[in-house]
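Okay, thanks everyone, let's get going. I'll put the structure up and then walk you through it.

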Amino acid sequence: MWKADELLPYRLGGLLYTPALNAGMAQKIKEQIYPRLTSVAFCLEDSIQDTALPLAEKNLLRTLDALTDAPERPLLFVRVRNPRHLERVHRQLGTLESLLTGYILPKFDLANCNEYAGLIETYNAGRLAPLYIMPTLESRMIALPESRDSVLLRIKEVLNCVKKWVLNIRVGGNDFCNVYGLRRSVRQNIYEISVVRDILADILRVFSTDYVVSGPVWEYFGEDSSGLWAAGLRAELELDRLNGFIGKTAVHPIQLPVIYEGLQISREDYEDARQILGWNAEGYGVAKSAGGGRMNEVKCHTQWAMRVSKLAEIYGIRSE
């Protein structure tokens with residue numbers, strides 16, 4: 001039903017972050033040992049000490065080279081440090097850059113957005129397959145309430161000029177917590193931290209009508225999916241979806257199946273979305289839902305139904 005480029009921003013699922021120093025990652029990807037691995041970010045930023053950056057860059061080249069003959073690959077991204085670093089990594093990668101879906105741009109704000117936008121426009125000139133960017137909104141400039149609205153609106157103006165190469169918008173929940181010296185426990189979710197909740201709400205208010213916005217990282221994990229960490233992740237994923245976030249950053253492979261499950265669609269939502277998108281109510285704009293327990297209104301629920309339909313096509317229907 002949907003074109004590949006319409007589905008791509010929704011396909012990231014749990015974006016697994018791994019330091020670019022991780023020498024064994026290529027083999028693990030080739031052997032497909034991680035269930036529900038849909039996308040990988042090779043991080044050259046906060047997860048790498050400054051002194052180890054040259055070694056991490058060399059290992060990134062080895063990793064990508066090892067993946068050139070992989071029969072199946074997840075979506076691959078590289079998280080750089082700043083525009084100058086993006087230029088250097090772009091030169092280093094050469095033809096290996098064709099393996100990437102794109103770059104993750106951390107601490108994206110008014111100090112660097114124009115430079116980043118210019119670079120990605122240059123890199124896409126003459127390319128057959130698009131090279132995407134995923135700006136991460138996480139800096140103090142965005143966190144502070146006195147400047148937030150004007151900063152977010154200006155950032156959106158810049159991104160709108162390169163919109164066809166913006167795969168999605170990411171948010172740095174832990175970075176926003178750090179501004180205020182806060183941290184949630186495994187029994188709490190990000191929405192319980194009021195100052196951070198307000199920041200996330202403002203980002204969604206500005207961007208979610210035109211872009212897919214991915215939810216903040218859940219920093220807890222464990223040995224199996226029956227622990228408190230998994231219950232907390234499931235609860236936060238439910239709130240992510242309710243508020244309009246799609247997808248989530250994963251810091252450990254064991255989180256991936258839980259995130260994937262959280263992106264699956266209930267049977268009731270799927271049937272209602274089908275009804276709304278194939279509306280045939282003989283002149284009526286409202287109708288009883290497929291399950292008979294709620295109202296479907298075609299003019300109010302079409303955007304919701306489109307999102308549900310896309311997620312169902314990618315992740316399937318959730319077992320009740």
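So, what is the order of the strands in the open sheet? Reading across, the order is β7-β6-β5-β4-β3-β2-β1-β8, eight strands with parallel pairing. Before I go on, please keep in mind that this is a predicted model. At the edges of the sheet sit β7, residues 213-214, and β8, residues 248-250, and each of those pairs on one side only. As a reminder, strands of a sheet pair through backbone hydrogen bonds, either parallel or antiparallel.

Let me zoom in on one pair. Strand β3 covers residues 75-79 and strand β4 covers residues 102-105, and the two run parallel over three bridges. If you want a spot to click on, V78 stands opposite Y103 in β4.

Next, the cysteines. How many disulfides does a search of the whole structure find? Zero. Take C43: for this residue the nearest cysteine sulfur belongs to C177, and that is 18 Å away. Why is C177 not bonded to C43? Because a disulfide needs the two sulfurs within 2.5 Å, and at 18 Å the sulfur of C177 is too far from the one in C43 for a bond. Are these two buried or exposed? C43 has 4% relative accessibility, so it counts as buried. C177 is buried as well, at 2%.

Now for the holes. Rolling a probe the size of a water molecule over the atoms shows where empty space is left. Let's start with the closed spaces. There are two cavities of 30 Å³ or more. The largest cavity has a volume of about 60 Å³. Which residues line this one? They are L237, D240, R241, F245, I246, G247, G262 and L263. By type, that makes four nonpolar, two polar and two charged. Two helices, α10 at 228-243 and α11 at 256-263, each bring at least two residues to that lining, and α10 gives the most, with three.

The second largest cavity comes in at about 40 Å³. Its lining is drawn from several parts of the sequence: P9, Y10, L12, G13, N168, R170, S214, I246, G247, K248 and Y315. That group splits into five nonpolar, four polar and two charged. You'll have heard I246 and G247 twice now: they line the largest cavity, and they line the second largest cavity too.

On to the open spaces. What is the volume of the largest pocket? About 1,200 Å³. Lining this pocket are 39 residues, and the ones nearest its centre are Y10, V212, G244, I246 and R307. The elements giving two or more residues to that lining are α1 (4-7), α10, α11 and α13 (298-315). In terms of chemistry, the lining has 18 nonpolar, eight polar and 13 charged residues. So I246 turns up again, close to the centre of this pocket, and Y10, which we met in the second largest cavity, is listed there with it.

The second largest pocket holds about 540 Å³ of space. Of its 23 lining residues, Y17, N174, D175, V217 and V251 are the closest to the centre. Here β1 (14-19), β6 (169-171) and α8 (173-179) each provide at least two lining residues. This lining breaks down as seven nonpolar, eight polar and eight charged.

Let me finish with two single residues. The first one up is A230, and you'll find A230 in helix α10. Is A230 buried or exposed? Buried, with a relative accessible area of 0%. Setting aside residues up to four places away in sequence, A230 touches S225 and V258. And for a feel of the distances, A230 and I254 are 24 residues apart in sequence and 9.3 Å apart in space, C-alpha to C-alpha.

The other is H85, in helix α4, residues 83-93. H85 is buried too, at 4% relative accessible area. What does H85 contact, leaving aside its neighbours within four places in sequence? L44, L53, E57 and V80. By contrast with those contacts, R127 sits 42 residues from H85 in sequence and 21 Å from H85 in space, again C-alpha to C-alpha.

That's my tour, and I'm happy to take questions.

Terms used. Residues are numbered from 1 along each chain as its sequence is written. This is a predicted model: local features need pLDDT of at least 70, side-chain atom pairs count only at pLDDT 80 or more; totals for chains, interfaces and linings use all residues. Side-chain values use heavy atoms; hydrogens and water are left out. Buried means under 20% relative accessible area, exposed over 50%, partly exposed in between (1.4 Å probe, protein chains only). On a 1 Å grid over the protein atoms alone, a cavity is a set of points where a 1.4 Å probe fits but cannot get out, and a pocket is an open set with protein on both sides within 12 Å along at least five of seven lines; lining residues have an atom within 4 Å of a point. Grid points are joined across faces, edges and corners, and a volume is the space filled by probe spheres set on the points. Helices (H or I, at least four residues) and strands (E, at least two) are DSSP runs, numbered from the N terminus. Ala, Val, Leu, Ile, Met, Phe, Trp, Tyr, Cys and Pro count as nonpolar, Asp, Glu, Lys and Arg as charged, and the others, Gly among them, as polar. Contact means heavy atoms within 4.5 Å. Two strands pair if DSSP finds at least two bridges between them.
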